[in-house]
Amino acid sequence: MVGYAFMGAAHSQAWRTVNRVFDLPARASMVAVCGRDGAKVAEAARRLGWAEAVTDWRELIARDDIDVIDVCTPGDSHAEIAIAALEAGKHVLCEKPLANTVDEARAMVEAAVKARTLGVRSACGFNYRRVPAVTLMHDLIAAGRLGAIRHVRAVYLQDWIVDPSFPLVWRLQQERAGSGALGDIGAHIIDLTQFVTGQRITGVAGLTETFIKERPLPESSTGLSASAGVATGEVTVDDAALFIARLDGGAVATYEATRFATGRKNGLRVEINGEYGSLAFDLERLNELEYYDATRPAAEQGWSRILVTEGEHPYFGAWWPPGHIIGYEHSFTHEMRDFIEAVATGADPTPSFEDALQVQLVLDAVQKSDSSSWVSVAA
Ligand code: SOE
């Protein structure tokens, strides 16, 4: 694994757990973790359960005892690491968004396509697909339970940078992160809604906003927390991004991704309205799926809450008895489960780099459309 901050910790938890919960055709062994600071990465290896710590990712891809490279670094190094790893014959799991630009994402797809012909696999880590309630949402829609999809309504709301004195961490720097709320959390709802509906976004009209244009430079930072220094710097990404979209199956959609939704910590909500009913998911209640079945007699219609913890539900059979709920980290365990199974059986894991490139194209389209078709209202 390359990188060991927030996503590195989440992935490590999943690698530690996956073979203890799921019966799989191969076992993950946590050979080595890489980070630039020798002392810090050694401490992270001990804490997260990696046998060794190294400071140059090239060392990892040169080793014969490593089959998989898990890329958990900021977006500016995804392309270089993933492409080199694929060329060295390593299977690659890369955090989202796939890259910082469409060009980088295209180069990654090219490497992935070449590697695939040699049996070398790759996937992008859109973990929320693997929340059982989200997978169930996908399965119900694929089974035709909603009929034609009319509306997709998706929001991803956070508030961790509302305070203007919160430092300018890498997620707020365009050269490191590519974009702001748009790529970091907007990418999740783009992937999730396209996954559950089976439809792809064909066009968008969007707007982005950066509310706080200058922030103190960080003195230190880990994950989403940081301490501020005295000097300041320019915020070069969006704080919020909103867009409308059309999907190729005829649905229309609204999306909102923001880090300024005061009081909303990690509020990912999606509602799908179809011909025969609706489904709704809220990450803050991730064991539940809301279902409105409009095919029932009028007198019996109403929203129902499915507690997605039955053995019959996606992934759940391997966990606990019904009603014994799971959380955020389990989505990563499921991601590793599916990745290991695909790699070990010679199949292509999903979402592929091609799927992730398509998300990148949507992000790019939103940025390009930003305010370009804006119509001012007369005073
Ligand atoms: C920060 O906004 C973040 O950690 C994202 O980078 C993750 O992808 C998301 O799952 C939670 O929020």
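In this predicted model, a polar side-chain atom of Y328 is placed 3.4 Å from an oxygen atom of the ligand. Of the accessible area that the ligand has on its own, 300 Å², the protein covers 98%. The points below describe the surroundings of the ligand and then helix α6.

**Polar contacts to the ligand**
- D184 has a polar side-chain atom 2.5 Å from an oxygen atom of the ligand.
- For R171, the distance from a polar side-chain atom to an oxygen atom of the ligand is 3.1 Å.

**The shell around the ligand**
- The ligand is surrounded by 13 residues, of which K96, Y128, Q158, D184 and H188 come nearest.
- D184 thus belongs to the nearest group and also places a polar side-chain atom 2.5 Å from a ligand oxygen atom.
- Sorted by class, the shell consists of seven nonpolar, three polar and three charged residues.
- With three residues, helix α8, which spans residues 181-197, gives the most to this shell.

**Helix α6**
- Helix α6 covers residues 132-142, and eight of its eleven residues are buried, so the helix is largely enclosed by the rest of the structure.
- Buried here denotes a relative accessible area under 20%.
- The buried residues of α6 are P132, A133, V134, T135, L136, M137, L140 and I141.
- After α6 comes G144, which has a positive phi, near 85°.

Technical notes
Residues are numbered from 1 along each chain as its sequence is written. This is a predicted model: local features need pLDDT of at least 70, side-chain atom pairs count only at pLDDT 80 or more; totals for chains, interfaces and linings use all residues. Side-chain values use heavy atoms; hydrogens and water are left out. A residue is near a molecule or strand if one of its heavy atoms lies within 4 Å of it. A polar contact is a pair of N or O atoms within 3.5 Å; within protein, one must be able to donate a hydrogen and the other to accept it, and residues adjacent in sequence count only if both atoms are side-chain atoms. Accessible areas come from the Shrake-Rupley method with a 1.4 Å probe; for residues, only the protein chains shown count as cover. Helices (H or I, at least four residues) and strands (E, at least two) are DSSP runs, numbered from the N terminus. Ala, Val, Leu, Ile, Met, Phe, Trp, Tyr, Cys and Pro count as nonpolar, Asp, Glu, Lys and Arg as charged, and the others, Gly among them, as polar. Buried means under 20% relative accessible area, exposed over 50%, partly exposed in between (1.4 Å probe, protein chains only).
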